[in-house]
Amino acid sequence: MRASAAPSSDTPVETLTGTIERVTFHSPATGFAVLKVRVRGKPQPVAIVGTTAAVAAGEMMTAEGSWVNDRAHGLQFKASRLVTAPPASKDGIERYLASGAIKGIGIATAHKIVQAFGKRTFEVLDSEPHRLKEIVGLTDARIRRITESWTEDRIVRDLGVFLQEHGLGLGQAARVFRALGTDAIALIRYRLARDVKGIGFLTADQVAMSLGLARDAPERLRAGITYALQEARDDGHTGLPRDEAVALAARLLDGDMVLIEQAAEAEVAARNLVADTIGGEPHLFLKDLHRAEKIIGERLRDIAKGSPPWGKIDLAAEVPRVEARTGKALAPSQREALATILSAKVSVITGGPGVGKTTLLDTILKLLTRHDVSVTLAAPTGRAAKRMTEQTGIEAKTIHRLLEIDPEFGAFSRGRENLIDCDLLVVDETSMVDVPLMLALVESLPADAGLLLVGDVDQLPPVGPGQALLGARAGGATDGGLPPGRGEPHHCHRPPYQPRRDAGSCPGRGRERLLLG
């Protein structure tokens, strides 16, 4: 027997009991279901909506809730609580098996199985699945498929009850099973946070506490140090000094720092976290962010090798032509920056508002397009891409559009197997690009192409972790930075981690180390 979570209701509660005739809709992800149920005392099946971990036609059901008149679907019974139970009659068992809930069993096979085992069918499937060989026409492969599907269905049902008892939504049951497998209930605790998408540490901690786990249990402290780094990631940091990470975990968990340090060591040994040293100071990283930074550095080093695809340009002859076309003369510092940038494959243009970044970029693009260099422009936001298009006369795309994001799965079509076709990629407002997005960009760029990053390190920081512009500039990318003009010289400010509720604006986010040399 399994039940849905029971939200409170101010309306009078009514109880309906009956047999599920049809599952009109059921979402394994959320547990939401629309059912047609033959209810005692009602001449026709009624529509019932609610949440349940798993459901199939033929099951017995009790629903608590109230009637609502839906504008689109008419009169429905909105269940605040659904309790379902396996059918007891032979007809009900056959309808259940024929509903499609169990893979490998169709209408004809369901009839054969029930004819063979009668009311003991579920008992046979639970304890003696080998007896399915008695059914004529069932191959070993199909019996295996039926047995596996039956086992999964039973575990998801049990998980539904377990999750409800410990304060989680029933819709999580299928996701938990897919992540943890047949031993899901035994493994559940903090594996929820690590292995099940959409379930965080606080939810897993709630389950663990309800199961009686001690607050200083090593399992909790090990999960807690990861939680601390995730909190820091959400505030823009790619990693933390080890002592800061341990202190933060101690605050979040109300735990002992010595025990948490031991837990951190255990997580590093298990390769769930990465320990690294930066500037002589020990740091801790989430392994995905550490890997991302490492790959970005490797890719930038690879891209920086060799000569630019546009070759050597006679700037003494070409720059006056561009100045005549634009009506704008370059300052000596801009001419120097221009020569520096065009001699390298990976460059950074930084500077505050009004120092001439746009004029310099416009000159670069006019010079290169005049020599038939294929240039692609991108920016983090639609507004920045539109402004870039208006300023340069060349179409600019958002980075997500350039990388061809799949909105359904959140993945990019562009990558190492599907590279961007260009000689030079120019990214404006790079201060807003975080480490995961920069990883996607550099993995999509051909090794023989050039990369030009433009931005002001003191402007809007990324929403996600890290600050790729600071990392590339500090790491050795050719710097075409302009004089500070009205702004101040740029510094990488790396304040200690502060929880978001206390943090004010600060110019530096993350601890970057995208070293090129």
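Start with the whole chain and its contacts: of those with a separation of 6 or more, 64% link residues 24 or more positions apart. Keep in mind as you go that this is a predicted model.

With everything still selected, color by secondary structure, and you can follow 18 helices and 17 strands. Switch to a surface next: the chain exposes about 24,900 Å², and carbon and sulfur atoms supply 50% of that area. As for the interior, 49% of the 517 residues count as buried.

Now for a single residue. Select residues 287-304, which form helix H11, and pick out Glu293 within this helix. Is Glu293 buried or exposed? Its relative accessibility is 2%, and buried means under 20%, so Glu293 counts as buried. Add Met438 to the selection: 145 residues separate Glu293 and Met438 along the chain, yet their C-alpha atoms are 9.2 Å apart.

The last stop is a pair of helices. Select H12 (residues 315-326) together with H14 (residues 357-370). How do their axes cross? The axes come within 10 Å and cross at roughly 115°, so H12 and H14 are roughly perpendicular to each other. Turn the view until one helix lies over the other, and look for the right-handed crossing of H12 past H14.

Finally, show the side chains where the two helices meet. On the H12 side, display Leu315, Glu318, Val319, Arg321, Val322, Arg325 and Thr326; their partners in H14 are Asp362, Thr363, Lys366, Leu367 and Arg370. Color this contact by class and you will find six charged, four nonpolar and two polar residues.

Note on methods:
Residues numbered from 1 in each chain as written. Predicted model: local features only at pLDDT ≥ 70, side-chain atom pairs only at ≥ 80, totals over all residues. Heavy atoms only, no water. Axes fitted to C-alpha atoms, helices over the stretch in contact; angles between N-to-C directions. Helix = DSSP H or I, 4+ residues; strand = E, 2+ residues; numbered from the N terminus. Parallel < 35°, antiparallel > 145°, perpendicular 65-115°, else oblique. Left-handed = near helix turned anticlockwise from the far one by under 90°. Contact = heavy atoms within 4.5 Å. Nonpolar A, V, L, I, M, F, W, Y, C, P; charged D, E, K, R; others polar. Buried < 20%, exposed > 50% of the residue type's maximum accessible area, 1.4 Å probe, protein only. Areas by Shrake-Rupley, 256 points an atom, 1.4 Å probe, with all protein chains shown as cover.
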